[in-house]
Amino acid sequence: MTPKREDYLKIIFELGGTQKQVTNKQISLSLNVAAGSVTEMVSKLVKDGLAEHTPYAGISLTHEGIQVAEELVRRHRLWETFLVSALGYKLQDVHTDAEVLEHITSQNLMDHLEVFLGHPTHCPHGGVIPYKSGNYQEDSHQVLADAQDGQEVIVDRFIDNHDLLLYLDDIELQLGDKLLILGHAPFEGPVKIKVARTGQETSVSFKAAHYIFVK
């Protein structure tokens, strides 16, 4: 399987495609690729029996696709956890090396790594780490962009994206922050929020607001 196919399986998993249908637009935004590229890759995944596509509704993973995605996500997030907790990597710098390591690691090494790390349940970005048995607690799949004005939410996890993490560092937004949604600017403008931890008001760009999951 090509790395690009794997990236699509992982992002569909992350967006909630194990339990619901996700849209081409969500995938396009999350991977920063053209809508046409998403359509082409989704067709390939459907042909391979890894995904199902309902026109005008969305894409979800098949049972086989879920199993493949769970193993890919488990490998990637265990390595991210190791790189941050044991080697002191900055959060925004772990993705590339974790991507390399997940493809060259034996199952035996992954099992030992999981034990060494104390069977972590979540990676440094807040994403769930499936156990080898396939058991895990489902992530939140509501993005900040979809939160309602006046709603209070908690930052649950981030899409694993280097530019996003640099951006969040700049605006000082962290996992676990409680937010009050003050308003959505029109025409794909930013989301204005108030962060309880600092008491400060700030704005999150339209694109970034689709990368931040809340509960």
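A residue is called exposed when its relative accessible area is over 50%, buried when that area is under 20%, and partly exposed in between. Keep that scale in mind, please, as I go through this structure, which is a predicted model.

Let me begin with Y56, which sits in the loop between strand 1 (51-54) and strand 2 (58-61). At 90% relative accessibility, Y56 lies over the 50% limit and therefore counts as exposed. Its backbone also deserves a remark, since Y56 has a positive phi of about 65 degrees although it is not a glycine. As background, most residues other than glycine have a negative phi.

H119 is another such case: it is not a glycine, yet it takes a positive phi of about 55 degrees. H119 belongs to the loop between helix 6 (107-116) and strand 3, and with a relative accessible area of 41% it falls in the partly exposed class.

Let me turn to the sheet. Six strands form an open sheet in the order 3-8-4-5-6-7, and their pairing is antiparallel. Which strands stand at the edges? They are strand 3 (142-143) and strand 7 (200-204), and because each has a single partner strand, one side of each is left without a neighbour in the sheet.

Further in, strand 4, residues 152-158, pairs with strand 5 in the antiparallel sense over three bridges, and E152 has L180 in strand 5 as its bridge partner. Strand 5 in turn pairs with strand 6, residues 191-195, again antiparallel, over five bridges; here G183 has K192 in strand 6 as its bridge partner. The hairpin of strand 5 and strand 6 has six residues between the strands, and in it F187 takes a positive phi near 55 degrees.

Just ahead of strand 5 (178-184), in the loop that follows helix 7 (162-170), we find D177. Is D177 buried or exposed? Its relative accessible area is 4%, under the 20% limit, so D177 is buried. Setting aside residues up to four places away in sequence, D177 touches V153, I154, V155, E172, V195 and R197.

Now to the packing of the interior. In soluble globular proteins, nonpolar side chains tend to be buried together. In this model the largest nonpolar core has 45 residues, of which I27, L144, I193 and I212 touch the most other members. The largest share of this core, five residues, comes from helix 1. A second, separate core has eleven residues, including L78, F82, L113 and I129. To return to I212, and leaving aside its neighbours within four places in sequence, its contacts include L144, V155, F158, L168, L173 and V204, and also Q142 and R157.

Finally, the pocket. The largest pocket holds about 420 Å³ of space. Its lining consists of 23 residues, and those nearest its centre are D7, I11, L31, H95 and D160. Where does the lining come from? Helix 1 (3-14), helix 2 (24-31), helix 4 (63-85) and helix 5 (94-103) each supply at least two residues, and helix 1 gives the largest share, six residues. By class, the lining has eight nonpolar, seven polar and eight charged residues.

One element links these last two topics: helix 1 supplies the largest share of the largest nonpolar core, and helix 1 also supplies the largest share of the pocket lining.

Key: Residues are numbered from 1 along each chain as its sequence is written. This is a predicted model: local features need pLDDT of at least 70, side-chain atom pairs count only at pLDDT 80 or more; totals for chains, interfaces and linings use all residues. Side-chain values use heavy atoms; hydrogens and water are left out. On a 1 Å grid over the protein atoms alone, a cavity is a set of points where a 1.4 Å probe fits but cannot get out, and a pocket is an open set with protein on both sides within 12 Å along at least five of seven lines; lining residues have an atom within 4 Å of a point. Grid points are joined across faces, edges and corners, and a volume is the space filled by probe spheres set on the points. Helices (H or I, at least four residues) and strands (E, at least two) are DSSP runs, numbered from the N terminus. Ala, Val, Leu, Ile, Met, Phe, Trp, Tyr, Cys and Pro count as nonpolar, Asp, Glu, Lys and Arg as charged, and the others, Gly among them, as polar. Buried means under 20% relative accessible area, exposed over 50%, partly exposed in between (1.4 Å probe, protein chains only). Contact means heavy atoms within 4.5 Å. A nonpolar core is a set of buried Ala, Val, Leu, Ile, Met, Phe, Trp, Tyr and Cys residues joined through side-chain atoms within 4.5 Å. Two strands pair if DSSP finds at least two bridges between them.
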